[in-house]
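This report is a short tour for a reader new to the structure. Please look over the sequence and the 3D view before reading on.

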Amino acid sequence: MSQVTEQTIKKDNYSIHLIDTKKFKTNTIALKFTRPLKRENITERALLPFVLQKGTEKYPTERALRQQLDELYGAKFSIYGAKKGENHIVTFVLDIPNEKFIKDEETLTKEGLQFLSDVLTKPKAKDQAFDETLVEKEKDTLKNKIQSIIDEKMQYANMRLIDEMCEDEAFGIHSHGYLEDLPQLDGKSLYETYQQMLTEDRLDVFAVGDFNNEQMEKDIEENLTFTRNPRLSIVRSEPILPEKVDTITEKQKIQQAKLHMGFRTGVHFSDDNFPALQVFNGIFGGYPHSKLFLNVREKHSLAYYAASRFESNKGLLFVFSGIAPEKYEQAREIIEAQHQAISEGEITDKEIDQTKKAITNQLKETLDRSTGIIELFHQQVIGGKSEDPQAIAEAIQSVTKEDVVAVSKQIQLDTVYFLTAENGGEEV
């Protein structure tokens, strides 16, 4: 495991995270604006990345913006939104060549930071409103994105499972926004939301690359200057245990049914038994050697796909499967049987070893990308626990069979969502 360390510097109204490594020939700078998920502003926050990437005061068109990136030796720039637990994060990422590897170039990183500053503080706006023509165009772009999720039935089933499972929780809010909100959004309301984000959100600035930490800190301070009054903190949700199992059936004109199941784990990123949950998920459905894949898909040929993943900031675990509509009862029974088998200790040494190797390999792959490193350390900010990658890997290796059994026993089924054909399959 390669050694990757982070230096965190807390400023008055934001934090700088410096990760100095010689692994890359680029410097990657990311700004992450975080606030608790709220239904009333989520569609505007989902729309912001589309609008902000189309131009600034200095670079008024998308073409001009991209030409400036070409001038910065082909730097790459993106903005995107996502949710982690019950928090919404808007991320600005600039990946720029390191001037150390360019002859007679000494100011490229500063120029990149100035570009970021232009995008942040001087967007294409007038009279405290974004350009209406641009906003209307990007509303259509977001509309198409939301519609594509509805049309892609695996994503749709996952969304609907969370809708039902977390109906009264912030985690149930769609990070991509809502179609019904789009008509009333305009340049002024969107600009107000943006200013609130710049001023009020928690801000973490990450830099990954081969640089001098003191110089990078100075460059960030000098170039990313704008008025802030942060008053929002990260939300870390409390564990919830299900009172009963809810089963929801929805019918559409489809041929392949989707059986998705949501579990409450009671385990969050900062908990001591989080490594055991990672190993449990790997044995249960996280990899091709997992029980779900081998038993539901391969042995019984019940599913076109069968897998699981967990949400580490909310304490949830999801099972996804695509099945023939008439196979619902059998597929559900065998999925639940795999969970029960782990709880009863039916785990081989081979399963544990394969899973630990797979998790470790994933961690190594994460460390091979500068953006992966940023996400790894930002996850620690959101999760409230700081560990270097070596300690993470060692924690995985120390997980025992007994640890996996113990965490399996506390995982409880909460919601079953079944999307099936209109005229096929059994009633649930």
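## Terms and model

Contact here means heavy atoms within 4.5 Å. Helix α10 (residues 328-343) lies across β7, β8, β10 and β11. Its direction runs at about 30 degrees to that of β8. The model is predicted.

## The six-stranded sheet

One open sheet has six strands. Their order is β1-β2-β6-β3-β5-β4, and the pairing is mixed. β1 (7-10) and β4 (76-84) stand at the edges. Each has a single partner strand, so one side of each is left without a neighbour in the sheet. Ignoring direction, neighbouring strands are turned by 15 degrees against each other on average.

Inside this sheet, strand β2 (residues 15-20) pairs with strand β6 (residues 202-209). The pairing is parallel and spans six bridges. One matched pair is Leu-18 with Ala-207 in β6. Helix α6 (residues 187-200) packs on the sheet. This helix touches β3 (26-36), β5 (87-97) and β6. The direction of α6 makes about 105 degrees with that of β3.

## The five-stranded sheet

Another open sheet has five strands, in the order β7-β11-β8-β10-β9. Its pairing is mixed too. Here β7 and β9 are the edge strands. Each has a single partner strand, so one side of each lacks a neighbour in the sheet. From one strand to the next, the twist averages 15 degrees.

Strand β11 (residues 412-421) has β7 and β8 beside it in the strand order. Strand β7 (residues 246-252) runs parallel to β11, joined by seven bridges. Asp-246 has Thr-415 in β11 as its bridge partner. Strand β8 (residues 257-264) runs antiparallel to β11, also through seven bridges. Arg-264 stands opposite Gln-412 in β11. Lys-258 has Leu-419 in β11 as its bridge partner. How many of the 10 residues of β11 are buried? Nine are, so β11 is largely enclosed by the rest of the structure.

## The hairpin and a crossing helix

At the other end of the strand order come β10 and β9. β9 pairs with strand β10 (residues 316-323) in the antiparallel sense, over eight bridges. The two strands form a hairpin with four residues between them. In the turn, Gly-315 has a positive phi of about 80 degrees. Glu-311 stands opposite Leu-316 in β10.

Helix α5 also belongs in this picture. α5 lies across β7, β8, β9, β10 and β11. Its direction is at about 35 degrees to that of β8.

## Nonpolar cores

In soluble globular proteins, nonpolar side chains tend to be buried together. The largest nonpolar core of this model has 50 residues. Leu-31, Phe-92 and Ile-220 have the most contacts inside it. Helix α3 (residues 108-121) gives the largest share of this core, six residues.

A second core is separate from the largest one and has 40 residues. Among them are Phe-269, Ala-306, Ile-352 and Ala-358.

## The largest pocket

The largest pocket has a volume of about 1,300 Å³. Its lining is made of 45 residues. Which of them lie nearest its centre? They are Arg-309, Phe-310, Glu-311, Ser-312 and Gln-379. Glu-311 is also the residue opposite Leu-316 in the hairpin pairing.

Several elements give two or more residues to this lining. They are β4, α5 (153-165), α8 (274-286), β9 (303-311), α11 (349-367), α12 (370-383) and α13 (389-397). The most come from α8, with six residues.

## The cavity

A search of the whole structure finds one cavity of 30 Å³ or more. The largest cavity has a volume of about 30 Å³. Its lining consists of Ala-30, Lys-32, Tyr-80, Thr-91, Val-93, Thr-371, Ile-374 and Glu-375.

β3, β5 and α12 each give two or more residues to this lining. The largest share, three residues, comes from α12. α12 is also one of the elements that give two or more residues to the lining of the largest pocket.

How values were computed. Residues numbered from 1 in each chain as written. Predicted model: local features only at pLDDT ≥ 70, side-chain atom pairs only at ≥ 80, totals over all residues. Heavy atoms only, no water. Core = buried A, V, L, I, M, F, W, Y, C linked by side-chain atoms within 4.5 Å. Buried < 20%, exposed > 50% of the residue type's maximum accessible area, 1.4 Å probe, protein only. Pairing = 2+ DSSP bridges. Axes fitted to C-alpha atoms, helices over the stretch in contact; angles between N-to-C directions. 1 Å grid on protein atoms, 1.4 Å probe; cavity = no way out; pocket = protein on both sides within 12 Å on 5 of 7 lines; lining within 4 Å. Points joined across faces, edges and corners; volume = space filled by probe spheres on them.
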